[in-house]
Amino acid sequence: MTNTTPLVGQVAWITGSSRGLGRVMAEELCELGAKVAVHGTRPDSPKTFGEGESMEQVARDIAAAGNGETMPVWGDMTEEDEVRRVAEEVRANWGQIDILVCCAGGDIGAAGTAVGKGGRPEDDDCLNIALDDLKSVMDRNLLTAMLCSREIAPEMIERKSGRIITIGSIAGCYGRETGSIYAVAKAAVHEWTRCLAAQLRPANVQVNCVAPGGTVTERFLRIHETDQSKMVEEGTLDRYARPREISGVVGFLCLPQSRFINGQVIRVDGGGQTFPC
């Protein structure tokens, strides 16, 4: 008989899980039996795109839907002290962190999500993007993954057990004229994942990256001019993904069946990219 809750007894912290893809990843791991720390930058982060009222409410909803246990946490993951504080809150509640999913990120400039199209910077190319926006996009994606990994990896090394999953993007796999800094940041996340995986390999700690293609979330719909022919959900792989198609891969990377997968960047884009990484 198949065990439907194989992650019972494990604790997962998913950064950037107040909304969008991260929230669905939290639902996935909760359904698989993990205790899940649901994270946002602020107590009201879910309000940003109308996906909830508060972190407490979203955490309750995820726990109810997954018949599991969650806790809400919030803080700026680009600040080392905040990363440590949030991690300590999770440890104080549940003892340790077995799974870290670094989902916080996005092509969001220094002024935040309230500006323009969901915070997407103006002139987002290699030469013209404002320096504060450049730093914001790099920090939200790369620095958050670095700081959270640096905080959690030591306890995993000591136990000789743990999973770290970063969230990259197919944008980080090719050159493009616009959205350039986001692409650079995600490419850096991919390489950070590979390097960390090599370092933690002797300690039996797996580090992998999931790199989604275009995926239908509330922010995705607000910032992109979507191709309506790709809004279908079946019958073709030449379409946009749905969040569950991404979270399912994250869930798999937390299961015993994936125990020998390490250092990989797994593109989840329906085969839109088929060239070597």
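**Entry 1: helix H3**

I began on the side of helix H3 that lies opposite its buried residues, and there I found Asp 81 and Ala 92 exposed. For these words I noted the cut-offs: buried means under 20% relative accessible area, exposed means over 50%, and partly exposed is in between, with a 1.4 Å probe and protein chains only. Helices (H or I, at least four residues) and strands (E, at least two) are DSSP runs, numbered from the N terminus.

Before going on, I wrote down that this is a predicted model, in which local features need pLDDT of at least 70 and side-chain atom pairs count only at pLDDT 80 or more, while totals for chains, interfaces and linings use all residues. Residues are numbered from 1 along each chain as its sequence is written, and side-chain values use heavy atoms, with hydrogens and water left out.

I then looked up the length of H3, which has 15 residues and reaches 21 Å from its first C-alpha to its last, close to the 21 Å expected; the expected span is 1.5 Å times one less than the number of residues. The buried residues of H3 are Val 83, Val 86, Ala 87, Val 90, Arg 91 and Trp 94. Seen down the helix axis, the buried residues of H3 fall within an arc of 140°, so they line one face of the helix; this arc is that of the directions from the helix axis to the C-beta atoms. The general rule I kept beside this is that an α-helix has 3.6 residues a turn, so residues three or four places apart point the same way. I also asked what covers the buried residues of H3, and the cover includes S1, strand S2 (35-40), S3 and H4. Just after H3, Gly 95 has a positive phi of about 95°.

**Entry 2: the nonpolar cores**

A nonpolar core is a set of buried Ala, Val, Leu, Ile, Met, Phe, Trp, Tyr and Cys residues joined through side-chain atoms within 4.5 Å. I found that the largest one has 30 residues, and that Trp 13, Val 90, Leu 100 and Ile 164 have the most contacts inside it. At least two residues of this core come from each of S1 (11-15), S3 (70-74), H3 (80-94), S4 (99-102), H4 (131-159), H5 (180-200) and S6 (205-212). H4 gives the largest share, seven residues.

I followed Ile 164 further: leaving out residues up to four places away in sequence, the residues it touches include Leu 100, Ala 153, Leu 196 and Val 207, where contact means heavy atoms within 4.5 Å. A second, separate core has 29 residues, among them Ile 14, Leu 29, Leu 32 and Cys 254.

**Entry 3: helix H4**

The 29 residues of H4 should span 42 Å at 1.5 Å a residue, and its end C-alpha atoms are 41 Å apart, which agrees. H4 has a kink of about 45° centred on Asp 139; the bend at a residue is the angle between axes fitted to the seven residues ending there and the seven starting there. After H4 comes Lys 160, with a positive phi near 55°.

**Entry 4: salt bridges**

How many salt bridges does the structure hold? I noted 24 of them, a salt bridge being a side-chain nitrogen of Lys or Arg within 4 Å of a carboxyl oxygen of Asp or Glu.

Arg 244 pairs with Glu 28, their closest N and O atoms being 2.8 Å apart. Arg 244 lies in helix H7 (residues 243-253) and Glu 28 in helix H1 (residues 20-31), so this pair ties together parts that are 216 residues apart in sequence. Arg 244 also meets Glu 31 in a salt bridge, at 2.9 Å from N to O. Since Glu 31 lies in H1 and Arg 244 in H7, the pair ties together parts 213 residues apart in sequence. I checked the accessibility too: Arg 244 is partly exposed at 35%, Glu 28 is buried at 14%, and Glu 31 is partly exposed at 34%.

Within H4, Glu 155 and Arg 159 form a salt bridge, with the closest N and O atoms 2.9 Å apart. Both belong to a network of salt bridges that also includes Asp 81, Arg 84, Arg 91 and Glu 151.

**Entry 5: helix H1**

In H1, 11 of the 12 residues are buried, so this helix is largely enclosed by the rest of the structure. Just after H1, Gly 33 takes a positive phi of about 105°.
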